[in-house]
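Let's walk through this fold together, one question at a time. Have the structure open beside you as you read.

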Amino acid sequence: MHHWRRDVIELAALFTAVAVADTVANLIGHGPDGTALLVISAVALAATAGFHTWWARRHGHAPPTGDTGARPLPEGEQAGPSDQSRASDPVAAESTLWRMRTTVKDEPGSLAALCTALAAHRVDILSLQTHPLGDGTVDEFLLRAPGALEGSEITRAVARAGGADTWIERGDAHDLVDAPTRVLGLATRTALDAAELPLALRQLLGRCTIRSLPAVPLGGGRGPEGVPVEGALEDTVMRLRAPEGGVITVERPYLPFTPTEFARARALVELDARLGPRVPRSQDVLTLPEGHDITVRRADTGDLEAAVAMHERCSSRTLSMRYHGPVGDADRYLKHLLSPRFGRTLAVQTASGRIVGLGHLLWDGDETEVALLVEDAWQRRGIGGELLERLVAMAAEAGCESVYAVTQSSNTGMVAAMRGLELPLDYQIEEGTLVITARLDASADETDGAIGVSRAEAP
C-alpha cells in the first residue's frame, strides 16, 4: 500500500518537473538571446561544481579546531596504541600482585566498603573468594596495586573499611589461575601419583607444615591419636585420616583455616583413598661406563621383597652409613620408605631384575630429605650421582626450596654426589653426623666466598 502511494507521488513530481522545464525552455529558447542564456547557465553550473570539488578535497570534512577547542599534537608526539593503553590503565606500567585475606561482618554493604577503599588507592581486584564463617565472612583477594603502594598501606585502608585480621603477602603469576582450575589440577596430579598428596595439600593451603604419621610407629609403641572419619579442624591445625590408617596433620600458625579450605583438603584425601596405592610406571634405561644396562624407575611397597634382598647383599658398613643405627633395624624402615605416602622412591634395576640401588625423596614436614643406598658391588659407577640428580629434579619440580641429606662425616661418596649437583651447599657437623643442605633456588643471594668456606669445612 505504501509503495503504491510513493510511486504515484514520484510520477507526479516527474511530470511537474518536465512541465516546468518545457515552460522555461520555451520562454528562453524563443527569446532573442535564448541560446546564449542556456550556454551561459550550463557553464556557470559546471564551474560551481568544479569549485566545490576542489574546496572539499583541500579542507576535508573534519570540523575546524576552533569548533572543539582541540589542537593537533606536535609532529613526532602522536599518541600510539601503547600510549592510549597507559592512559586508560595508569597502574599497568608498574604494578604489584598481592594476595590478601581479611574478615568482614556478614552484613549488606561490607564488601562494597572494602571495594571502595581499595579503589581509592587505585587497587584493582583481579579475583575474589568468599569463605563463610559463623559470624562473618573471610574474603580472599588477588589484587593488582600500583608498584609504589606498600602492603601496610593496603591493610590500613582495609582496616578503616571494616576489615579485621587482615593478612597480606606478595603474589605471583601462578596466583592468576582461578581457584576451581587450580583445585582440578591438584586433583589430577594426586590421581596420577600417590606421592603427590602432601604436595597438593601444600599448594592448596599455602605455606604450611604437613606431617604423615603411620598408624604403627616404626619403633613400635602407641600410634597417633585417631581422628574421626570426617577429620578435625582446630583453628590453625587440621587433622585428616590418612588412607592407609595413619593421620595427616596440617599446621599453618600464621593463618587460621576456614571450613572451605578444610572441605577442599578433605576432598583431596578422600580422592587419594578411593584410588588406592599407585605410582607412575615410566622407566629409563641407562648404560654405565663399563657397558652394563640399568633401569631407573619408580618403586613402591610392591618392591619390598626385592629391597630386603638387596639389604642382605649390602655390607654392615654400607647399611650403617645409610640408616645411622643398628643394622638389624634396617629392614623395618623399608616399608615406610617405599610407601608413596611419605615421598618418592627410585629403584635401580639390572637386566636380570635385581634391585641394586634405592634413592628416596622424603617429605619431612615443610622440609625435604634425600637418601641413597647402593649395593657394595655396584658402588663407584655413578649410580648414586644419577639417582641424586633425578631426586633433586623431582624436588625442584615439586616447588621445594632445598633438600638435605643426613650421613656420616666419613661418607665421602655422598659428599661427592652432593657436590656434583653444582648447587649452593651448607654443611653442619655434630658428633660425627653430617647434614648437607642443597638450596635449589639458584637466585639466592649467597656470595661465592661464603660457599667456599662451607665446603672447606666439609670432610
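Q: Which residues of the largest nonpolar core touch the most other members?

A: Keep in mind that this is a predicted model. The largest nonpolar core holds 36 residues, and a handful of them stand out for touching the most other members. In soluble globular proteins, nonpolar side chains tend to be buried together. The residues asked for are Leu 361, Ile 383, Leu 388, Val 403 and Met 418.

Q: Which helix gives the largest share of this core?

A: The core in question is the one with 36 residues, Ile 383 and Leu 388 among them. Seven residues of this core come from one helix, which spans residues 383-397. That helix is H13.

Q: Which residues are in contact with Val 403, leaving aside its neighbours within four places in sequence?

A: Val 403 belongs to the largest nonpolar core and to the group that touches the most other members there. To count as a contact, heavy atoms must lie within 4.5 Å. With that cut-off, Val 403 is in contact with Leu 361, Thr 368, Val 370, Val 392, Ala 395, Ile 436, Thr 437, Ala 438 and Leu 440.

Q: How many residues are in the second, separate core?

A: You can find this second core by looking for Leu 186, Leu 201, Met 238 and Leu 268, which are included in it. It is separate from the core described above, and its residue count is 18.

Q: Which strands stand at the edges of the open four-stranded sheet?

A: Strands of a sheet pair through backbone hydrogen bonds, either parallel or antiparallel. Here the order is S2-S3-S1-S4, with antiparallel pairing. An edge strand has a single partner strand, so one side of it is left without a neighbour in the sheet. The two edge strands are S2 (124-132) and S4 (164-170).

Q: What is the bridge partner of Leu 97 in S3?

A: Strand S1 covers residues 95-104, so Leu 97 falls within S1. S1 pairs with strand S3 (residues 137-146) in the antiparallel sense over 10 bridges. In S3, the partner of Leu 97 is Arg 144.

Q: Is Asp 165 buried or exposed?

A: Asp 165 lies in strand S4. Its phi is positive, about 50°, although Asp 165 is not a glycine. Exposed means over 50% relative accessible area. At 66%, Asp 165 is therefore exposed.

Q: Where is Asp 235, which has a positive phi of about 60°?

A: Asp 235 is not a glycine, yet its phi is positive. With a relative accessible area of 52%, Asp 235 is exposed. Its place is in the loop between strand S6 (232-234) and strand S7 (237-241).

Q: How many residues of helix H11 are buried?

A: Helix H11 runs over residues 316-323 and is mostly covered. Its buried residues are Thr 318, Leu 319, Ser 320, Met 321, Arg 322 and Tyr 323. Just after H11, His 324 takes a positive phi of about 55°. Of the eight residues in H11, the number buried is six.

Q: How many disulfides does the model have?

A: Two cysteines to look at are Cys 208, which is buried at 7% relative accessible area, and Cys 314, which is buried at 9%. A disulfide needs a pair of cysteine sulfur atoms within 2.5 Å. By that rule, the count is zero.

Technical notes:
Residues numbered from 1 in each chain as written. Predicted model: local features only at pLDDT ≥ 70, side-chain atom pairs only at ≥ 80, totals over all residues. Heavy atoms only, no water. Core = buried A, V, L, I, M, F, W, Y, C linked by side-chain atoms within 4.5 Å. Buried < 20%, exposed > 50% of the residue type's maximum accessible area, 1.4 Å probe, protein only.
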